[in-house]
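User: Please pick one part of this model and take me through it closely, then show me how the rest hangs together around it. Plain talk is fine.

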Amino acid sequence: MYEWTEEYSCKNEIVDKDHKKLFDLLNELLDAMKNRKSKDVLEKILLELSHYAAEHFTREEKLFMNTDYPNKEEHLKQHKDFTNKVYNLYLDYKMGRIALSIDIAIFVKDWLVNHIMKTDKEYVDYI
Ligand code: FEO
């Protein structure tokens, strides 16, 4: 199981709460895979992860868009790429084109941690 820890804090209550929820959804996915839950359950969690990530990105972008934070465009691109990737994983799984494996959970975890630590933390002093 993956855990949000204080080192991931972006010094903003809304952002930290969203990031914790994304970790929770990732753990829910891992738990469902481990316990061999039905395809419907796994699809639902993947879709929720995709939707929640998109909602979080929108909230976060509102926080930094009207500031002098210089890396806005690249940040928006990373959000868009991740949202598309997770939604496409959901669609591919739903259509039976891929199987879910631990690699997918690891991809989501690595992306989240790298994005929070490298990209999100860049705007902290601007918001
Ligand atoms: Fe917290 Fe840029 O995502």
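Analyst: Start with what H4 leans on: its buried residues pack against H1, H2 and H3. This is a predicted model, so local features need pLDDT of at least 70 and side-chain atom pairs count only at pLDDT 80 or more, while totals for chains, interfaces and linings use all residues. Residues are numbered from 1 along each chain as its sequence is written, and side-chain values use heavy atoms, leaving out hydrogens and water.

A few terms before going on. Helices (H or I, at least four residues) are DSSP runs, numbered from the N terminus. Buried means under 20% relative accessible area, exposed is over 50%, and partly exposed is in between (1.4 Å probe, protein chains only). The buried set in H4 is Ile104, Ala105, Val108, Trp111, Leu112, Val113, His115, Ile116, Thr119, Asp120 and Tyr123.

Now the shape of H4. The helix has 22 residues and runs 31 Å from its first C-alpha to its last, close to the 32 Å expected (1.5 Å times one less than the number of residues). There is still a kink of about 40° in H4, centred on Ile116; that bend is the angle between axes fitted to the seven residues ending there and the seven starting there. Ile116 is also one of the buried residues of H4.

Next, the core. A nonpolar core here is a set of buried Ala, Val, Leu, Ile, Met, Phe, Trp, Tyr and Cys residues joined through side-chain atoms within 4.5 Å. The largest one has 36 residues, and Phe23, Leu29, Met33, Leu42, Phe82 and Leu100 touch the most other members. H1 (13–34), H2 (39–65), H3 (72–94) and H4 (102–123) each supply at least two residues, with H1 giving the most, 9 residues. In soluble globular proteins, nonpolar side chains tend to be buried together.

Leu42 is a handy place to zoom in. Setting aside neighbours within four places in sequence, Leu42 is in contact (heavy atoms within 4.5 Å) with Leu29, Ala32, Met33, Lys37, Tyr93 and Leu100.

On to the charges. The whole structure has 7 salt bridges, each a side-chain nitrogen of Lys or Arg within 4 Å of a carboxyl oxygen of Asp or Glu. One of them joins Lys21 and Glu48 at 3.8 Å, N to O. Lys21 sits in H1 and Glu48 in H2, so this pair ties together parts 27 residues apart in sequence. Lys21 is partly exposed at 29%, and so is Glu48 at 31%.

Glu43 and Lys39 pair at 2.9 Å, N to O; they are 4 residues apart in H2, about one helical turn. Glu43 counts as buried at 11%, whereas Lys39 is partly exposed at 35%. In H3, Lys77 and Asp81 are likewise 4 residues apart, about one turn, and form a salt bridge with the closest N and O atoms 2.9 Å apart. Lys77 is partly exposed at 48%, and Asp81 is partly exposed at 40%. Salt bridges that share partners also join Lys39, Glu43 and Lys94 into one network.

Last, two backbone oddities. Arg36, in the loop between H1 and H2, has a positive phi of about 45° without being a glycine, and Arg36 is exposed at 76%. Lys11, in the segment before H1, has a positive phi of about 55° and is not a glycine either; its relative accessible area is 67%, so Lys11 counts as exposed.
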